[in-house]
Amino acid sequence: MQTGRGGQLTYHGPGQLVGYLIVKLREDEGIVDYVREVELRLVKALDALGLAAERRDTPPGSELLTGVWTTATGRKIASIGMRQSRG
């Protein structure tokens, strides 16, 4: 069955934790605002588990940089993809 979830390909590898959120954004909240909030909450959750992590700001003129990276290794630990519908 085809869906309109957006994106071209999603790989879920062994041992990955995958979550799908369905939310209704407030009138004054945009999709980018929501993604940034998800990043910050993931950073806090990882910190509570003893793993230091960070979100990164997108450099001017670059594509939107989303996700969470470990501070020790600089490796990406969480990817975030969102689809907006109905406005």
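Which strands does helix α1 lie across, and at about what angle does it run to β2? In this predicted model, helix α1 (residues 31–48) lies across β1, β2 and β3, and runs at about 30° to β2. The protein chain has one helix and three strands, arranged along the sequence in the pattern α-β-β-β. Here is a friendly tour, topic by topic.

**The chain as a whole**

- Of the 87 residues in the protein chain, 20% count as buried.
- Taking the contacts in the protein chain with a separation of 6 or more, 34% come from residues 24 or more positions apart.

**The sheet**

- The three strands form an open sheet in the order β1-β2-β3, and their pairing is antiparallel.
- β1 (53–54) and β3 (76–78) each have a single partner strand and stand at the edges, so one side of each is left without a neighbour in the sheet.
- As general background, strands of a sheet pair through backbone hydrogen bonds, in either a parallel or an antiparallel way.
- Strand β2 (residues 68–70) pairs with β1 over two bridges, in the antiparallel sense.
- Looking at single residues, Glu54 has Trp69 in β2 as its bridge partner.

**The helix**

- With 18 residues at 1.5 Å a residue, α1 should span 26 Å, and its end C-alpha atoms are indeed 26 Å apart, so the two values agree.
- Which residues of α1 are buried? They are Tyr34, Val35, Arg36, Val38, Glu39, Val43 and Leu46, so the list holds charged residue types such as Arg36 and Glu39 next to Val and Leu.
- The cover over the buried residues of α1 includes β1, β2 and β3.
- Just after α1 comes Gly50, which takes a positive phi of about 90°.

**The nonpolar core**

- The largest nonpolar core has five residues in all: Val43, Leu46, Ala53, Val68 and Ala78.
- Two of its members, Val43 and Leu46, are also among the buried residues of α1.
- In soluble globular proteins, nonpolar side chains tend to be buried together.
- Leaving out residues up to four places away in sequence, Ala78 touches Leu42, Gly67 and Val68; Val68 is itself a member of the largest nonpolar core.

**A closer look at Thr70**

- Is Thr70, a residue of strand β2, buried or exposed? Its relative accessible area is 10%, so Thr70 is buried.
- The side chains of Thr70 and Thr73 are joined by a polar contact of 2.5 Å.
- Setting aside neighbours within four places in sequence, Thr70 is in contact with Leu51, Ala52, Ala53, Arg75 and Ile77. Among them, Ala53 also belongs to the largest nonpolar core.

**Before the helix and after the sheet**

- Gly30 sits in the segment before α1, and counts as partly exposed because its relative accessibility is 27%.
- How many residues apart along the chain are Gly30 and Gln84? They are 54 residues apart, while their C-alpha atoms are separated by 9.6 Å.
- Arg86 is found in the segment after β3, and counts as exposed because its relative accessibility is 86%.
- The C-alpha atoms of Arg86 and Lys24 are separated by 10.0 Å, with the two residues 62 apart along the chain.

Terms used
Residues are numbered from 1 along each chain as its sequence is written. This is a predicted model: local features need pLDDT of at least 70, side-chain atom pairs count only at pLDDT 80 or more; totals for chains, interfaces and linings use all residues. Side-chain values use heavy atoms; hydrogens and water are left out. Two strands pair if DSSP finds at least two bridges between them. Helices (H or I, at least four residues) and strands (E, at least two) are DSSP runs, numbered from the N terminus. Contact means heavy atoms within 4.5 Å. Axes are lines fitted to C-alpha atoms, for helices over the stretch in contact, and angles run from 0 to 180 degrees between N-to-C directions. Buried means under 20% relative accessible area, exposed over 50%, partly exposed in between (1.4 Å probe, protein chains only). A nonpolar core is a set of buried Ala, Val, Leu, Ile, Met, Phe, Trp, Tyr and Cys residues joined through side-chain atoms within 4.5 Å. The expected span of a helix is 1.5 Å times one less than its number of residues. A polar contact is a pair of N or O atoms within 3.5 Å; within protein, one must be able to donate a hydrogen and the other to accept it, and residues adjacent in sequence count only if both atoms are side-chain atoms.
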